[in-house]
Amino acid sequence: FEGCTSLTDLCVEDGIRTLQLGYKYSTTYPYIGGQGLFYDCPLKTLYLGRNLSYKTDSKYGYSPFYKNGTLTAIIIGNSVTSIGNSAFKWCTGLTRVYLLGENPPAVGEENFTTEQYLNLQLYVPKGTLGIYQVAETWKEFLDIQEFDATGIKNVDSDALVFKYTNNGI
């Protein structure tokens, strides 16, 4: 994805299968210092709907999002059960993380910096605040807030109208 200057939003669709991602391999010595696949993409938002698998060391670029400075918001879907090492470390523009799952995903090593723990807003589904406040890694965030993860608000069932046509409802 190097040079994809228009890639501002990325959606990794929901799924139960782990998505294996490639890497940005460095042939130079010293190595490139951890530039991930999306290092120079102007990503602003990421929807992560499944577990990812990727190589992690300085030769292979750590995680796909490592050191992405433009990423501001991440939404982690309820199918995600684990997050690999260094996934969002040094994403200096990151301000918000939304978790849609009632169960906190397991988190690998070095995912967030001390600054991120202090400054990020972490949003968790209503009714799960206590669970996240004691879960490894997630408990380190100072600002954890509940939100309506369904996204459906103020529905007036009396105003709903269903029509049947030849093409369906």
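**Reading a predicted fold: charges, strands and core**

Q: Is Glu-136 buried or exposed?
A: In this predicted model, Glu-136 has a relative accessibility of 58% and therefore counts as exposed, since the cut-off for that class is over 50%.

Q: Which residue meets the side chain of Glu-136 in a salt bridge?
A: The general idea is that side chains of opposite charge can pair when their charged atoms come close. Here the side chain of Glu-136 meets that of Lys-139, with 3.2 Å from N to O, and Lys-139 counts as partly exposed at 36% relative accessibility.

Q: How many salt bridges does the structure hold, and which other residues take part?
A: The structure holds 2 salt bridges. Besides the pair just described, Glu-110 forms one with Lys-89, where the closest N and O atoms are 3.5 Å apart. This pair links distant parts of the chain, because Glu-110 sits in the loop between β8 (106-107) and α1 (114-119), while Lys-89 sits in the loop between β6 (82-83) and β7 (96-99), 21 residues apart. Lys-89 is buried, with a relative accessible area of 16%.

Q: In which sense do strands β1 and β3 pair?
A: Strand β1 (residues 9-12) and strand β3 (residues 45-48) pair in the parallel sense over 4 bridges, and one can follow the register through Leu-10, whose bridge partner in β3 is Leu-46. On going further, β3 is also joined by 4 bridges to strand β5 (residues 73-76), again running parallel, with Thr-45 partnered by Ala-73 of β5.

Q: Which residues have the most contacts inside the largest nonpolar core?
A: In soluble globular proteins, nonpolar side chains tend to be buried together. The largest such core in this model has 33 residues, and those with the most contacts inside it are Phe-65, Phe-88 and Trp-138. Strands β1, β3, β5, β7 and β9 (121-125) each supply at least two residues of this core. Setting aside residues up to four places away in sequence, Phe-65 touches, among others, Leu-10 and Leu-46, the two residues that are bridge partners between β1 and β3, as well as Phe-88.

Q: What does the side chain of Asn-51 join in a polar contact?
A: Asn-51 lies in the loop between β3 and β4 (52-53) and counts as buried at 13% relative accessibility. A polar contact of 2.9 Å joins the side chains of Asn-51 and Thr-81, and a polar atom of the Asn-51 side chain also lies 3.1 Å from the backbone nitrogen of Ser-82. Leaving aside neighbours within four places in sequence, Asn-51 is in contact with further residues, including Arg-17, Thr-18 and Leu-19.

Technical notes
Residues are numbered from 1 along each chain as its sequence is written. This is a predicted model: local features need pLDDT of at least 70, side-chain atom pairs count only at pLDDT 80 or more; totals for chains, interfaces and linings use all residues. Side-chain values use heavy atoms; hydrogens and water are left out. Two strands pair if DSSP finds at least two bridges between them. A salt bridge is a side-chain nitrogen of Lys or Arg within 4 Å of a carboxyl oxygen of Asp or Glu. Buried means under 20% relative accessible area, exposed over 50%, partly exposed in between (1.4 Å probe, protein chains only). A nonpolar core is a set of buried Ala, Val, Leu, Ile, Met, Phe, Trp, Tyr and Cys residues joined through side-chain atoms within 4.5 Å. Contact means heavy atoms within 4.5 Å. A polar contact is a pair of N or O atoms within 3.5 Å; within protein, one must be able to donate a hydrogen and the other to accept it, and residues adjacent in sequence count only if both atoms are side-chain atoms.
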